[in-house]
Structure formats: structure tokens, C-alpha cells
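Visitor: Could you take me through one part of this model slowly, keeping to a single helix and what it packs against?

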Amino acid sequence: MEDGQYVPGSIYFYAPDKGAPIFFAVLFAASGCYHIYQCIQYKSWRLTGLYVFCAVIFVAGFIVRELGAFDYTNLVKFIVTICLVYAAPPLYELANYNILGRILYYVPYLSPIHPGRVITTFAFISAVVEALNGNGASYSSNRSLPQSKQDIGRALIKASLLIQVVVIALFLLLAATFHKRCRREGITARNAHLSSALHTLYASTALLAARTIYRVVEYWSVATLREGDSADKVSAVVRYEAFFYVFEASLMAANTLLMNVRHPRRYLPEGTGTWVKRDGVTEVEGEGYKDTRGFWITVLDPFDLWGIVRGRKGAADRFWEEAGPGVDGEGAGEGSKLGKGKGGAVGDGEAV
């Protein structure tokens, strides 16, 4: 039972629980295996393959944490588990960016941004966050380094966490803007699949945001601590391991299980070349968006503001106006034609 008192010699401050890491390692392993099955079933490796990778990272992180629970004075094990557990959540965010891009491809005429630019732009930001996270975690957790180096590590992690909060806010703003347009056009009212995909994305983002806020609070609470400070100056967030398992492990486990239960391919077509017409029901297959600009230009100018200024953005971009006939099919529900990547008239899917 935790009492909030410092355990002599422990790098964690407390004596880590020996059972919880096993539970979460098994849980993430099971979820990851099911994600592999779903990627094969739905042919969705490009869309949801990151969930498999994240599960592997978490399993490795909790295995090392279990080893560290029996050797809580071992600095190497502590650093490895911290780096692994911190690395996976930003990749969950990257997976959400990918899913939002696919949602925007599904209703391209209401997208505030070129759908393909969602993943490239946010992936670039995520790479920066991962670099800050990795370096910060290795510096701040290495107690053998001078205090100044540990402070640099904490500053890097705080910067990465703040960037994540800002990016999550921008991501939600983008999704909400698109959602508002769909509601105004009445598309979400007639297309339950689209509503389900968006609500699932909001739920996942809320879990990730809660975890990020927890990390911000945790690091701000130790920012002023110095070597030799008494244990009573340490925040309860650091002194009690339960905070880690509630606001980190449990929230991330809930996120991966959420995507198992409400897999994006249950609601979205297999490829980006299928979109729904303005009636919100009839699906059309075609080439979809084509952006002839260079990769880095699309990253730096995802909205093609320069093209708008120069008057290049116009009727040529509205490929949906010249779309062919819709794909015939019955109402799509779970396991329907939509779930297998084929078109159909949608509207009878699972709603939230």
C-alpha cells in the first residue's frame, strides 16, 4: 500500500507495483494482436497500422517497468521504461491525424484543408514532439547527470507537452469546423457512419488530451525541485504511482480498446478515392484529390494559401462536381459493403 513516503534508493520515489505492469503488458498485447487481425480483415494497414506499433511499444515499456519493479535502483531500466511509455501517446495522436484525413477525403467538398495535408503537416509536428520527448526523457530521468542537464531534459519535455496541447486544440478546431459544415449541409444527419467516425475521433482525442494535461501537471510540479529537497515538497502526482496508472496507462489502454471496438474502417471506405455525394447517401468512386505541388511545399503551405492568392485554386479542384454515378448498394452497417471497402448508399449504420 502506498503511503506517499520516499522509498530509500528508489529512482521512482516509491516502490513500483509488481502486478500492474503485467496486467497492462498483457492488455496492450491482446489489443495489439486484435489490431493486427483488424488490419488484415479491413485491409487497413496504412490507416490503423500505427495502433499495432504503439501496442508493441507499450508492451515493451511495461515489461521493462516490471523488471524495474524488482530493481527500482536500476537507472537504465528506469530510463528505458520512461522513454518507451512516453513515446507511444504522440503516435496515437498521429494515428488520429491519419483518420481525420481519411474522413475529410470522404466528404472532400466540405474539407477546410486538403485531406492529404492533415497527415503530412501534423506528422512533421509529431516528429518534432517525439524528438523533444525522447531527448527530454533521457536527460530528465538520468539522475547521474548534473542538475543543469536534468533541468534541460525537463524543459524539453515541458515544451513537447505544451506543443501537444496546442496541436490537439488546433486538431479539434479543424475537426469541429468540418463537422459544423457537415451538420449545416445535413450530411451527418443522413450518414450515420460519418457521425460515428467523428464521435470516435473526438473520444480518442479527449483521452489523449487528458493524458497530456496530466503530464503537464506532473512536470510542472517537479520543475522547481532541486537535489536535496525534502520529500514533503514533492507533489502527490509524483509520490503516488496510482496517478500514473490512472492518467497514463488506463487512458492509453482505453484509447487502444476504443479503436478495437469502434475501428475506423467500420465507418470509412477502404481507399481515399471513394467519397459521398452531397445527398449524404450516395457514394462515388474516382481519382479524388490530386496535388501536383512538391512535398515540402504542401507541408509548409497545407491550405495552399499561395495558390489562393495567385488565383490557381478554383473549379479544377472541384473534382466531385464532375463525378460519375454513385455506387449502388444497400444501406451500410457493421460488416457491410462499406466495411469491406466498397461503396454503397449509406445512412443505416451504427450511430453514436
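Guide: This is a predicted model, and a good place to begin is the stretch of residues 75–95, over which the chain is 100% helix and 0% strand, with the end C-alpha atoms 32 Å apart. The UniProt annotation "transmembrane region", from an unreviewed entry, covers this stretch, and among the others it covers are residues 155–176; that second span is likewise 100% helix and 0% strand, and its end C-alpha atoms lie 31 Å apart.

Helix H3 takes in residues 75–106, and it packs with helix H7, residues 192–222, at an angle of about 155°, the two axes being 10 Å apart. Since angles over 145 degrees count as roughly antiparallel, H3 and H7 are therefore roughly antiparallel to each other, and H3 passes H7 in a left-handed crossing. On the H3 side the contact includes Val85, Tyr86, Pro89, Tyr92 and Glu93, while on the H7 side Leu194, Leu201, Leu208, Arg211 and Thr212 are among the residues met. By class, this contact of H3 with H7 has 14 nonpolar, four polar and four charged residues.

Within H3, Pro89 deserves a separate look. Pro89 is found in helix H3 and has a relative accessible area of 0%, so it counts as buried, the cut-off being under 20%. Leaving aside residues up to four places away in sequence, Pro89 touches Leu208 and Arg211, and also Phe58, Glu248 and Met252. Pro89 and Thr212, although 123 residues apart in sequence, are 8.7 Å apart in space, C-alpha to C-alpha.

Definitions and conventions. Residues numbered from 1 in each chain as written. Predicted model: local features only at pLDDT ≥ 70, side-chain atom pairs only at ≥ 80, totals over all residues. Heavy atoms only, no water. Axes fitted to C-alpha atoms, helices over the stretch in contact; angles between N-to-C directions. Helix = DSSP H or I, 4+ residues; strand = E, 2+ residues; numbered from the N terminus. Parallel < 35°, antiparallel > 145°, perpendicular 65-115°, else oblique. Left-handed = near helix turned anticlockwise from the far one by under 90°. Contact = heavy atoms within 4.5 Å. Nonpolar A, V, L, I, M, F, W, Y, C, P; charged D, E, K, R; others polar. UniProt positions renumbered as here; feature names shortened; annotations may be inferred. Buried < 20%, exposed > 50% of the residue type's maximum accessible area, 1.4 Å probe, protein only.
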